[in-house]
Amino acid sequence: MKIFLTGGNSGIGQATKQLLIQQGHQVTAPTRAELDLTDFAKIDKLDLSTYDAIINCAGANGGAYQGWHDNSWQNQANHVAVNFTGPLLLAKQYTRQRNQGQFIYLTSTSADDPISYTIFMVGSKVAIRASLNAVRRDYPGMLFTEIVPGKTRTNMLQQNYQGTRTHQQIQEEYAKTPVLEASQVAEAIAMAITHKLECVRISPCKTQENK
């Protein structure tokens, strides 16, 4: 399959890109410099007509640790642009150019029980889910697939804390609760492609170390 993937430089996107290439897929994964999801004009000019699947793994959560009031509006606006507006425009461009295909996007189990600290990020995940559930009715030949991972060890906490925590402190925070590895989420995405699934929910198991 020919696949277009965002967020391929790190985390879940990088793990997914590596796995799909190993499985024999042809993966195009532009860097952020090549395709920033806040550059809506560039998204509107993308040629996605030859891709069998689009996978959106890009995400933003900068400064969320500061909370609802103290995080900057610039960070919060970026959460909405990267987690909602950009992916929705990507889906728009894809459905413009193809009658069939698969559009895969990531939300989060936190979208089922959001807290105010992360409301711009989580609210965007809720919004993209609702929007694409509405869009799917008009494009019966297009499969929209939601991947719903639990807490995953990626660079998102580092992005969140914006240099105010050391690598060791971030790893200690991950160690407090069960977490998924990016490779596990990548396997869920690959399974969704192979079996043409509409939704895959994956949560970390409670290990002995976390009890």
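## Exercises on fold and core

The protein chain of this predicted model holds 8 helices and 8 strands, read as DSSP runs (helices H or I, at least four residues; strands E, at least two) numbered from the N terminus. Local features need pLDDT of at least 70, side-chain atom pairs count only at pLDDT 80 or more, and totals for chains, interfaces and linings use all residues. Residues are numbered from 1 along each chain as its sequence is written, and side-chain values use heavy atoms, without hydrogens and water.

**Exercise 1.** Find how the radius of gyration of the protein chain stands against the globule rule.

*Solution.*
- Take the radius over C-alpha atoms; the rule is 2.2 Å times the number of residues to the power 0.38.
- For 211 residues the rule gives 17 Å, and the radius of gyration is 17 Å, so the chain is as compact as a globular protein of that length.
- The C-alpha trace spans about 45 × 40 × 30 Å along its principal axes.

**Exercise 2.** Identify the best-connected members of the largest nonpolar core and its main supplier.

*Solution.*
- A nonpolar core joins buried (under 20% relative accessible area, 1.4 Å probe, protein chains only) Ala, Val, Leu, Ile, Met, Phe, Trp, Tyr and Cys residues through side-chain atoms within 4.5 Å.
- The largest has 24 residues; Ile55, Ile147 and Ile189 touch the most other members.
- Strands E1, E3, E4 and E8 and helices H1 and H8 each supply at least two residues.
- H8 gives the most, with 8 residues.
- Apart from this core lies another, of 19 residues, including Leu35 and Ala91.

**Exercise 3.** List contacts of Ile189 (heavy atoms within 4.5 Å).

*Solution.*
- Leave out residues up to four places away in sequence.
- Ile189 then touches Ile12, Thr16, Ile55, Cys57, Ile104, Leu106 and Ile147.

Note on methods
Buried < 20%, exposed > 50% of the residue type's maximum accessible area, 1.4 Å probe, protein only.
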